[in-house]
Amino acid sequence: MAPRANWKGFLRLSLVTCPVALYPATSDTEKVSFNQINRKTGHRIKYLKVDAETGDEVTSDDIVKGYKVDTDTYIEVTKDELDDIALDSTHTIEIDEFVPKADIDNRYLIRPYYLVPDGKVGHDAYAVIRETIRSMDKVAIGRVVLTNREHIIALEPLESGLMGTLLRYPYEVRSEQEYFDDIQDVKLTSDMLDLAKHIVEKKSGAFEPELFEDHYETALIDLINKKRSGAPIAARATPKTGGNVINLMDALKKSIANEKDAPAAKVAKENVKETAKGKKTKKRVEGQREMLLPISGKGGKDATAKTAPKEASKKTADKPVRAPARTKKAG
């Protein structure tokens, strides 16, 4: 299924304008999710909206928003009142200024989006805006209205397109001082820093997110597949702890010794890199749900379970089936 744009409008730099579409650059739909069910019946739990005092169910027509000003005291705000103050979407991302990327504090970053030309027209104007930003080595700052709220968006070139990142407002970012004031000012010896730097150098490498593994997600899938197949669930072994660090210098020296004694992990990582280089690049990254295959389930419906590669090749019906992606509105 082709992705659906969360927003469509225009990108404007002074008098240069082009139609664009905004797509979310990230997704959580591939992660395993759960429903709450009744242990006795196996049925899903349904939630009802009830009055906190009377316990009576309340219909949607009788539910309004309220801002709490005191205990049991609320200021009622109706939908019409909210609609009256809602920002009218101009459907235009107006570039207001250009700033160095290094000036943007990471705490202000919310989520990334892909901004692409919408339709066959406007590609020239889009390219002009993209290459202007690229040539200046800066980030374009604009505003966009999503779900009646105005957001600040930072635009920067990404290969042949533009990536837009929503930014937080200052009131949404907490000051670090209230957290860091009590951190003690300690003096470190040059020997300690040299040992720590040596450890860092041994562990230094390129950023390769394709090598990351979500161990918890993998464990969830393995657990579900075992329960589906009726396999016994082994109790988790208690992890060994390294104990309390008594002497910092001894801990640094021991860390270096452990690095020297464990070259196998580095070799394994290099093998993974070489294998990845030899394979053709996929058009998209497969999600964890690709590990789940359809099997006959309760009531004739398909369920999912993990199948070994050899078993998957036996029948065409055993090919991985990807769960349909759910789209969410931006903002």
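In what order do the 7 strands of the closed barrel run? In this predicted model, the closed barrel follows the order 1-2-6-9-8-7-5, and its pairing is mixed. From one strand to the next, the twist averages 40°. Helix 2 packs on this sheet and touches strand 1 (7–13), strand 2 (16–24), strand 5 (92–99), strand 6 (109–117), strand 7, strand 8 and strand 9 (161–167), while its direction makes about 80° with that of strand 2.

Before looking at these parts in turn, it helps to set the whole chain around them. The protein chain holds 8 helices and 11 strands, and buried residues make up 21% of its 331 residues. Of the contacts in the chain with a separation of 6 or more, 64% are accounted for by residues 24 or more positions apart.

The pairings of the barrel can be followed from one strand to another. Strand 2 and strand 6 run antiparallel and are joined by 5 bridges, with Leu 22 standing opposite Leu 115 in strand 6. Strand 6 is in turn joined to strand 9 by 5 bridges, again in the antiparallel sense, and here Leu 109 has Leu 167 of strand 9 as its bridge partner. Further along the order, strand 7 (residues 139–146) and strand 8 (residues 149–158) pair over 7 bridges, also antiparallel, and Arg 143 stands opposite Ile 152 in strand 8.

Arg 143 also appears in the surroundings of Thr 92, a residue that lies in strand 5. Is Thr 92 buried or exposed? Thr 92 has a relative accessible area of 13%, and because the limit for a buried residue is under 20%, Thr 92 counts as buried. When its neighbours within four places in sequence are left aside, Thr 92 is in contact with Trp 7, Phe 10, Arg 12 and Arg 143.

The loop between strand 1 and strand 2 contains Ser 14, whose phi is near 60°, a positive value in a residue other than glycine. Most residues other than glycine have a negative phi, which sets the backbone value in context. Ser 14 is exposed, with a relative accessible area of 54%.

Helix 2 itself, the helix that packs on the sheet, comprises 14 residues (residues 123–136), which at 1.5 Å a residue should span 20 Å; the end C-alpha atoms are 20 Å apart, so the expected and modelled values agree. Its buried residues are Ala 125, Tyr 126, Ile 129, Arg 130 and Ile 133. These residues cover an arc of only 135° around the axis, and they therefore lie on the same side of helix 2. The face turned away from that buried side carries the exposed residues Asp 124 and Ser 135. What follows helix 2 is Asp 137, with a positive phi near 55°, although Asp 137 is not a glycine. Asp 137 is placed in the loop between helix 2 and strand 7, and at 65% relative accessibility it counts as exposed.

Helix 5 (residues 215–229) can be read in a similar manner. Its 15 residues should span 21 Å at 1.5 Å a residue, and the end C-alpha atoms are 21 Å apart, which agrees. Which residues of helix 5 are buried? They are Glu 217, Thr 218, Leu 220, Ile 221 and Asn 225, and, seen down the axis, they fall within an arc of 160°, so they line one face of the helix. The face turned away from the buried side of helix 5 carries the exposed residues His 215, Tyr 216 and Lys 227. Just after the helix, a positive phi of about 80° is taken by Gly 230.

It remains to consider the confidence of the prediction along the chain. The mean pLDDT of the protein chain is 80, and 75% of its residues reach 70 or more. Among the elements, strand 9 has the highest mean pLDDT (97), whereas helix 8 (residues 309–312) has the lowest (40). Over residues 280–285 the pLDDT is below 50, and this stretch has 3 contacts in the model beyond near neighbours in sequence. The pLDDT is also below 50 over residues 293–331, a stretch for which the model contains 62 contacts beyond near neighbours in sequence.

Note on methods
Residues are numbered from 1 along each chain as its sequence is written. This is a predicted model: local features need pLDDT of at least 70, side-chain atom pairs count only at pLDDT 80 or more; totals for chains, interfaces and linings use all residues. Side-chain values use heavy atoms; hydrogens and water are left out. Helices (H or I, at least four residues) and strands (E, at least two) are DSSP runs, numbered from the N terminus. The expected span of a helix is 1.5 Å times one less than its number of residues. Buried means under 20% relative accessible area, exposed over 50%, partly exposed in between (1.4 Å probe, protein chains only). The arc is that of the directions from the helix axis to the C-beta atoms. Two strands pair if DSSP finds at least two bridges between them. Axes are lines fitted to C-alpha atoms, for helices over the stretch in contact, and angles run from 0 to 180 degrees between N-to-C directions. Contact means heavy atoms within 4.5 Å. pLDDT is the predictor's confidence in each residue, from 0 to 100.
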